[in-house]
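Got the viewer open? Here is a short walk through the structure, one selection at a time.

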Amino acid sequence: MLKHLILCGFAGLAACSAPLERLAMTSVQSALELRPLVSSVMVREVTLPTYAAAEEIAFEGPNGLIASNDDILWADDPARSITIAIIRNMTDILNTDVGPDPWPFVELPDVAVDIQIERILARADGTFQLTGQFFVGGDGTPFRNSANDFSISTPMADQSLSSIATAQANAVLELSEQISKTLGR
């Protein structure tokens with residue numbers, strides 16, 4: 001029993017000594033400004049593929065397989081970070097109330113946006129790929145429900161982690177602009 005406790009203690013120390021360097025997604029801002037067709041938008045937490053939902057930074061290797069870097073982790077939960085970036089971007093673009101689920105305001109939102117990401121990956125060919133679908137639904141408002149595909153490819157300066165973070169931020173901004181165009185003019 002004592003031997004087991006000592007081994008567990010050493011395992012705990014080894015886990016504590018793991019590298020804790022973290023990388024934040026770069027912040028970018030849109031030049032797009034639209035007049036909103038709704039007064040409020042709720043963005044549900046983005047759904048990510050398993051490899052992208054982890055803290056490890058995933059990338060495509062030269063063999064086409066998805067690998068990850070265990071030495072440097074994302075600074076925040078990836079789904080939360082991307083959701084917050086989309087909310088911030090859409091708020092700036094539409095200049096209206098955009099918030100997360102659960103909805104933080106008293107009045108119910110005019111529409112809800114649900115984003116299902118199929119692929120979010122730094123590719124071996126030097127591009128960052130973001131694909132999936134987003135759904136816009138009005139609850140009790142005359143806004144038309146819609147399902148929309150997106151396929152975004154953003155160039156990366158190189159394969160460095162900072163280039164991945166910048167390319168991801170640019171791709172998320174482009175997605176935010178596409179969603180905003182369905183809610184404004």
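Keep in mind that this is a predicted model. We start inside, with the second largest cavity, where H3 and H4 each put at least two residues into the lining. H3 makes the largest contribution there, with three residues.

**Stop 1: the second largest cavity**

Select Met 25, Thr 26, Ser 27, Val 28, Ala 85, Arg 88, Asn 89, Ala 169 and Val 172, and you have the lining on screen. The space they surround is about 40 Å³. Colour the lining by class and you should get five nonpolar, three polar and one charged residues.

**Stop 2: the largest cavity**

How many cavities of 30 Å³ or more turn up in a search of the whole structure? There are two, and the largest has a volume of about 110 Å³. Its lining runs to 14 residues; to find the middle, pick Ala 52, Ala 58, Trp 74, Ile 120 and Gln 168, which lie nearest the centre. Now show the elements that each give two or more residues to this lining: helix H2 (50-53), strand S3 (56-60), helix H3 (78-94), strand S6 (111-122) and helix H4 (161-183). Of the contributors, S3 gives the most, with three residues. By class, the lining of the largest cavity breaks down into 12 nonpolar, one polar and one charged residues.

**Stop 3: zoom out**

Switch to cartoon and show the whole protein chain. You should be able to pick out four helices and eight strands. Trace them along the sequence and the order reads α-β-β-α-β-β-α-β-β-β-β-α. How much of the protein chain is buried? Of its 185 residues, 42% are. Turn on the surface next: the accessible area is about 10200 Å², with 54% of that belonging to carbon and sulfur atoms. As for contacts, take those in the protein chain with a separation of 6 or more: 71% of them link residues 24 or more positions apart.

**Stop 4: the loop between S5 and S6**

Go to strand S5 (97-100) and step on into the loop that leads to S6, where you will meet Pro 102. Check the peptide bond from Asp 101 to Pro 102: it is cis, with omega near 10°.

Trp 103 sits in this S5–S6 loop too. Is Trp 103 buried or exposed? It is buried, because its relative accessible area is 16%, under the 20% cut-off. Show what Trp 103 touches, skipping residues up to four places away in sequence: Ser 40, Val 41, Met 42, Asp 97, Leu 108 and Pro 109. Add Val 43 as well; it is 60 residues from Trp 103 in sequence, yet the C-alpha atoms are 8.7 Å apart.

Stay with Trp 103 and add Phe 105. The whole structure holds two aromatic pairs. The rings of Trp 103 and Phe 105 make an edge-to-face pair, because their planes are at 70°, over the 60-degree cut-off; the ring centres are 5.0 Å apart. Phe 105 itself is partly exposed, at 39% relative accessibility.

**Stop 5: Asn 95**

Step back along the sequence to Asn 95, in the loop between H3 and S5. What is the phi of Asn 95? It is positive, about 50°, although this residue is not a glycine. Asn 95 is also exposed, with a relative accessible area of 68%.

**Stop 6: Gly 64**

Now jump to the loop between S3 and strand S4 (66-74) and select Gly 64. It counts as partly exposed, with a relative accessible area of 39%. Draw a C-alpha to C-alpha distance from Gly 64 to Asp 125: the two are 61 residues apart along the chain, and your viewer should give 9.9 Å.

**Stop 7: Thr 154**

Finish in strand S8 (residues 146-155), where Thr 154 is found. Thr 154 is buried, at 8% relative accessibility. Which residues is Thr 154 in contact with, leaving aside neighbours within four places in sequence? Select Gly 126, Thr 127, Phe 128, Ala 167, Asn 170 and Ala 171 to see them.

Conventions:
Residues numbered from 1 in each chain as written. Predicted model: local features only at pLDDT ≥ 70, side-chain atom pairs only at ≥ 80, totals over all residues. Heavy atoms only, no water. Buried < 20%, exposed > 50% of the residue type's maximum accessible area, 1.4 Å probe, protein only. Contact = heavy atoms within 4.5 Å. Areas by Shrake-Rupley, 256 points an atom, 1.4 Å probe, with all protein chains shown as cover. 1 Å grid on protein atoms, 1.4 Å probe; cavity = no way out; pocket = protein on both sides within 12 Å on 5 of 7 lines; lining within 4 Å. Points joined across faces, edges and corners; volume = space filled by probe spheres on them. Nonpolar A, V, L, I, M, F, W, Y, C, P; charged D, E, K, R; others polar. Phe/Tyr/Trp six-rings, centres within 6.5 Å; stacked < 30°, edge-to-face > 60°.
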